[in-house]
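Please load the model in your viewer, and keep a selection panel open while you follow the stops below.

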Amino acid sequence: MNTDVTVNENTRYRKKALFSSMAGLGFQSMSTMMLSFALSSMIIDFGINGAAGGFISTITNIGMLVGGIIFGTLADKYGRIKIFVITIAIFSIATGMMAFATNITMVYFLRFLVGVGGGGEYGVVMSLVADAFPAEKRGRMNSFVTIAGQVGSIVAAVAAAIILPNFGWQGLFIFGATPILLAIYVHFTMDESESWKRERAQASETKEKIGIAELFKEGRAATTIKLTIMAIAQVAGYFGLMNWLPSILQKKADLSISGSSLWMIVTIVGMSLGMFVFGHVMDKFGAKKAYASFLIASALAVYLYSFAASSITILLGGAAVGFFANGMNAGYGAIVGNLYPTRIRATANNIIFNIGRAVGGFSSVAIGFLLDNYSITYAMLFLSSLYCISLITVLSLKVGKEA
């Protein structure tokens, strides 16, 4: 009887943790991706050049690094749920306030805050899932969470197609404040996981320290550095593709805002399928084989995509690139969950992936420079080289099949 009650409680908690994590990452992606559709209009309204426009994305990623450093450790110390609520509130309110920005400095500041909230939230949702599910299921469960992140991007694309022509980029950012409702829901309905409570109590008794330095102790330094390099390549590819290609297609392929939104939706569907497949491959064959196969395919797909010329090849090529290049995004939360203990899991997730975001985010500036001075072929060649570096790194990573 007691065993049945415990199983049911665990099942209910797992469902609630998975749902909240999916919704959290979905809303965070929605708020972040709105910039892709508003960028062209904002560049005109604020009278800035392409590099300054690209820096809006870069400052967001710097904010994510700051948020990751602050809130990852706080989530390990004080609980996932409290920090989950606070981080959602920060990026929701900051996104809504973007509608009232009157100069580019205000835009940079508010996008920095969006990054702080979003970057802080990432490690929380990944740790929430890793705490609730066993290692052999984490690849699939994290794939569902990251797919929800892509759904958030689709919501941003649909919202842009509907809101931008009628209410401008200001109306779009006001819509971006709606995730505050999730923060209210989580605050009143969720408790901390039993695994976090147990490890937190143990850490208090033994006076174990929780901090960033723990990521480099007990043989974890090489793993932390290698995972960070992989995250940099991953994020550089993602933001390079998603922040610039809609604008490129609008200008060079003569697509309307709704046309580029269609391209993004098809690409995101490809990404979601890739994440679903990657999660299953990772649980079955292990992280090393899963990442190696997807990285090789990504390098080839991104380079070949630069030769797409017709509408159909641009559309289908985007889905193929998304499948491989961003399908492996599903694995980071799982591999960190498997390689790091519960007491430093949120810290590890946030530090590794948000350093990746901060450094990889400069790809937007680099690609803007390559497009301004060279061609899309050079931009795609740049992204392919990043995936080759990531491949060399993952092949040197010491992980077992279970990771």
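Helices, as the term is used on this tour, are DSSP runs of H or I with at least four residues, numbered from the N terminus. The model is a predicted one, and that should be kept in mind at each stop.

**The largest cavity**

Start inside the protein, where four cavities of 30 Å³ or more are counted; the largest has a volume of about 250 Å³. Select Ser29, Tyr238, Asn329, Phe353 and Arg357, which are the closest to its centre of the 18 residues that line the largest cavity. Next, colour helix 1 (2–46), helix 5 (138–175), helix 8 (221–252) and helix 13 (345–360), each of which supplies at least two residues of this lining, with helix 1 giving the largest share, five residues. Sorted by class, the lining of the largest cavity holds eight nonpolar, nine polar and one charged residues.

**A nonpolar patch on the surface**

Move to the surface and select Ile69, Ile70, Ile212, Phe216, Ile225, Ile229 and Ile389, which make a nonpolar patch of about 560 Å². Helix 2 (50–78) and helix 8 each supply at least two residues of the nonpolar patch. Isoleucine 69 lies in helix 2, and its relative accessible area of 37% makes this isoleucine partly exposed.

**Salt bridges, buried and exposed**

Side chains of opposite charge can pair when their charged atoms come close. In the whole structure, 10 salt bridges are found, and three of them can be visited in turn. Select aspartate 76 and arginine 80, whose side chains meet in a salt bridge at 2.5 Å, N to O; aspartate 76 is buried, at 1% relative accessible area, and arginine 80 is buried too, at 0%.

Then go to helix 7 (residues 194–206), where glutamate 194 and lysine 197 lie three residues apart, about one turn of the helix. These two form a salt bridge whose closest N and O atoms are 3.7 Å apart; glutamate 194 is exposed at 51%, while lysine 197 is partly exposed at 30%.

For the last stop, select glutamate 218 and arginine 343, whose side chains meet in a salt bridge (3.9 Å, N to O). Glutamate 218 lies in the loop between helix 7 and helix 8, and arginine 343 in the loop between helix 12 (332–339) and helix 13, so the pair ties together parts that are 125 residues apart in sequence. Glutamate 218 is exposed, at 61% relative accessible area, whereas arginine 343 counts as buried at 11%. Extend the selection to Glu214, Lys217 and Arg220, which are linked with Glu218 and Arg343 in a network of salt bridges.

Notes:
Residues numbered from 1 in each chain as written. Predicted model: local features only at pLDDT ≥ 70, side-chain atom pairs only at ≥ 80, totals over all residues. Heavy atoms only, no water. 1 Å grid on protein atoms, 1.4 Å probe; cavity = no way out; pocket = protein on both sides within 12 Å on 5 of 7 lines; lining within 4 Å. Points joined across faces, edges and corners; volume = space filled by probe spheres on them. Nonpolar A, V, L, I, M, F, W, Y, C, P; charged D, E, K, R; others polar. Patch = residues over 30% accessible without salt bridge, like charges linked within 9 Å, V, L, I, M, F, W, Y side chains within 5 Å. Areas by Shrake-Rupley, 256 points an atom, 1.4 Å probe, with all protein chains shown as cover. Salt bridge = Lys/Arg side-chain N within 4 Å of Asp/Glu carboxyl O. Buried < 20%, exposed > 50% of the residue type's maximum accessible area, 1.4 Å probe, protein only.
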